[in-house]
Amino acid sequence: MHNRPLMFTILGVVFAFLYIPISVLVALSFNDGGLPTAWTGFSLKWYGALWENADILNAAFNTLIVAITSAALATILGTLLAIGIETRARKGRWLESLIFAPMIIPDIVLAIALLSFFSLLKVPMGLHTIIAAHVVFNLAFVCAVVRARLKSFDWSIVEASADLGASATTTYRRIVIPVLSPAIIAGALLAFTLSVDEFIIAFFTAGAGAGSTTLPMQIYAMIRFGVTPEINALATLVLGLSVTALALAQRLNRGGIPGQ
Amino acid sequence: MTPLLQIRHISKAFGTILAVGDLSLDVAENEFYALLGASGSGKTTLLRMLAGFETPTNGQILLDGKDISTTPPNKRPVNLMFQSYALFPHMTVRANIAYGLEMEHLPRPQITARVDDILGVIELTPYADRKPDQLSGGQKQRVALARALVKRPRVLLLDEPLGALDKKLRGAMQLELKRLQHEVGITFIVVTHDQEEALVMADRIAILKDGKLLQSGPPREVYEHPINRFAADFIGVMNFFPGVADSTGLLATDGTRITAASTTHGPAVAAVRPERIRLGSGENTLTGTVTALAYHGLDLHLYVQTTAAPKPVIIRLTADMSEVQSLSHGDPVTFSWSAKDTRIFPA
């Protein structure tokens, strides 16, 4: 149990396994030669090549639409849901389990279920169905983040607001939402990140047309012809975006109220 | 003249639990009124009904003669200072205080003038742009008070206003609250479990027990003439001697005769305040042994075990009296008090 060198070795191996592939990917995206076998010098030319690839630009644009819209919708619904569960605690217990289910259900199951559902209702598929599908699981994550914040929420400030003459709407607008805003923004950023790199559900609910291809789907299509340096560059950009959004989300949720 | 606030036969039940039961009391204009009770006495429920956060199950609350029992909190000319202060954490001191005036849609210059004015009164002008978590407990308490006062309510309700402060600050704030109440001319109703606080601050006190009004009156009356054993025990310190009462006093369980004016017959207790007892013989004389001496600076509390009472008798003496200085643990001591300072309550 107290074999420290062994513990550190295991830790090192685990971290190496996790991060060496990512480091290699990032390094190769800057490799001038473009071959994974030899480093021929630093270059940004693969990033430049991305700009000239219309398919990639189109997919990136689609991904942003899906991520921003689904994150926005999930944030509004998830926040309202979290407040609803918290204020109606007794009736909220079973509701809570139902809401958090999409976090646990395997993506592939959710993907097939949503595909069957959309087919059954004969909904024409495209970006809007991906957005709807992403709202389903993002809702659960936003709700979980806001709920965590509500656990330490001092409800007497809501009563104080009413006592000082504010209506329920004014109290939500000026007191509840601003106090919860770090958690709400954190939830939105988390939802955005999850949506950006989500593949399976988007793949199943995108429909047949090429018009609704998202970035992960585009990468998957390209990778069938081998890993190109362009893909490395694209993956590095997606990685950068996700890490930034997640770091921001964590910082906000820990740091409490902005400006303090 | 009709009282400002009339509480008439008010009850509040939570399920099968009766928090307040058929309670009536009146509060006059400009009065400093204290609702005193232990936890579970219903005092907080009563306060929440006055603020509008609870609706009475039965009875009425009349303010200026109008029934406000079912008026929502944001429509009542009544403000509550919360025990937890409930300051808005994302707003500055100034914004916290201005909030209630903004809800009245007053013109901006008028809001600014009134906020600046009250900041001066509570002496927090230099802290106006701070957030609540950058303030000390005492400063938060003053902001909470200012936020409620700036609305110029007909009645200001205060829920354990000094509960979160340390002892020294509490003493200073008791006088400060009383001074402020005179200055602004607003009726204060304060809920407290601290009987000393109620005695110091209030013009009138209501003692609540199990959701019912036990006794109400000015502090001196409540202190000097408690109506029953519970009220006597709750306010201040009281020594009790159990026994059997007749028209001339009480026969204690050990056979000691205590002389007092009495209207009670049968099982009863004789009660006397610690400050009414002197050393030496007198009308009612007892002897015992010193079990403890508690030095309080100016005062000294002497605990004397006698055969007449199960608990040691507490005697409050001035600490620099020569006969007190020679006393120590285990010494025999004789003490006495007059018949007129003795009260007899049914047991």
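Two strands are counted as paired if DSSP finds at least two bridges between them, a criterion applied throughout the legends below to this predicted model.

**View 1. The hairpin of strands E9 and E10 in chain B.** Strand E9 (B) and strand E10 of chain B, the latter covering residues 212-217, meet that criterion with five bridges and run in the antiparallel sense. Within this pairing, Ala206(B) has Ser216(B) in E10(B) as its bridge partner. Two residues lie between the strands of the hairpin, and Asp210(B) takes a positive phi near 50° there.

**View 2. Strand E3 of chain B and the strands it pairs with.** Strand E3 (residues 32-36) of chain B is joined to E8(B) by five bridges, the two running parallel, and Phe32(B) finds its bridge partner there in Phe188(B). E3(B) also pairs with strand E9 (residues 204-209) of chain B, again in the parallel sense, over four bridges. In that second pairing Leu35(B) stands opposite Ala206(B) in E9(B), the residue whose bridge partner in E10(B) is Ser216(B).

**View 3. Strand E8 of chain B, its cover and its crossover.** Six of the six residues of strand E8 (residues 187-192) of chain B are buried, so that the strand is described as mostly covered, where buried means that 20 or more other C-beta atoms lie within 10 Å of a residue's own. In a regular strand the side chains alternate between the two faces of the sheet. In E8(B) both faces are covered, with Thr187(B), Ile189(B) and Val191(B) buried on one side and Phe188(B), Val190(B) and Thr192(B) buried on the other. Strand E7 (residues 155-159) of chain B pairs with E8(B) in the parallel sense through five bridges, and Leu156(B) has Phe188(B) as its bridge partner in E8(B). From E7(B) the chain passes through helix H5 (residues 167-184) of chain B before it reaches E8(B), a β-α-β crossover that is right-handed.

**View 4. The open antiparallel sheet of chain B.** Four strands of chain B, in the order E2-E1-E4-E5, make up an open sheet with antiparallel pairing. Its edges are strand E2 (17-27) and strand E5 (66-67) of chain B, each of which pairs on one side only. Inside this order, strand E1 (residues 5-14) and strand E4 (residues 58-63) of chain B are paired in the antiparallel sense by five bridges, and Arg8(B) stands opposite Gln60(B) in E4(B).

**View 5. Helix H1 of chain A, with its kink.** Chain A has 11 helices and zero strands, and of its 260 residues 33% count as buried. Helix H1 (residues 4-29) of chain A contains 26 residues and reaches 37 Å from its first C-alpha to its last, close to the 38 Å expected at 1.5 Å a residue. A kink of about 35° nevertheless lies at Tyr19(A) in H1(A), shortly before the proline Pro21(A). This helix is hardly covered, since the count of buried residues among its 26 residues is two.

**View 6. The contact between chains A and B.** In this view 16 residues of chain A are in contact with 19 residues of chain B. On the side of chain A that touches chain B, helix H7 (156-163) and helix H8 (168-196) of chain A each supply at least two residues, and H7(A) gives the most, with six residues. By residue class, that side of chain A divides into nine nonpolar, four polar and three charged residues.

Notes: Residues are numbered from 1 along each chain as its sequence is written. Chains are lettered from A and ligands numbered from 1 in the order in which they are written. This is a predicted model: local features need pLDDT of at least 70, side-chain atom pairs count only at pLDDT 80 or more; totals for chains, interfaces and linings use all residues. Two residues are in contact if their C-beta atoms, placed from the backbone, lie within 7 Å. Ala, Val, Leu, Ile, Met, Phe, Trp, Tyr, Cys and Pro count as nonpolar, Asp, Glu, Lys and Arg as charged, and the others, Gly among them, as polar. A residue is buried if 20 or more other C-beta atoms lie within 10 Å of its own, exposed if 12 or fewer, and partly exposed in between; C-beta atoms are placed from the backbone. A crossover is right-handed if, with the strands pointing away from the viewer, the path from the first strand over the helix to the second runs clockwise. The expected span of a helix is 1.5 Å times one less than its number of residues. The bend at a residue is the angle between axes fitted to the seven residues ending there and the seven starting there.
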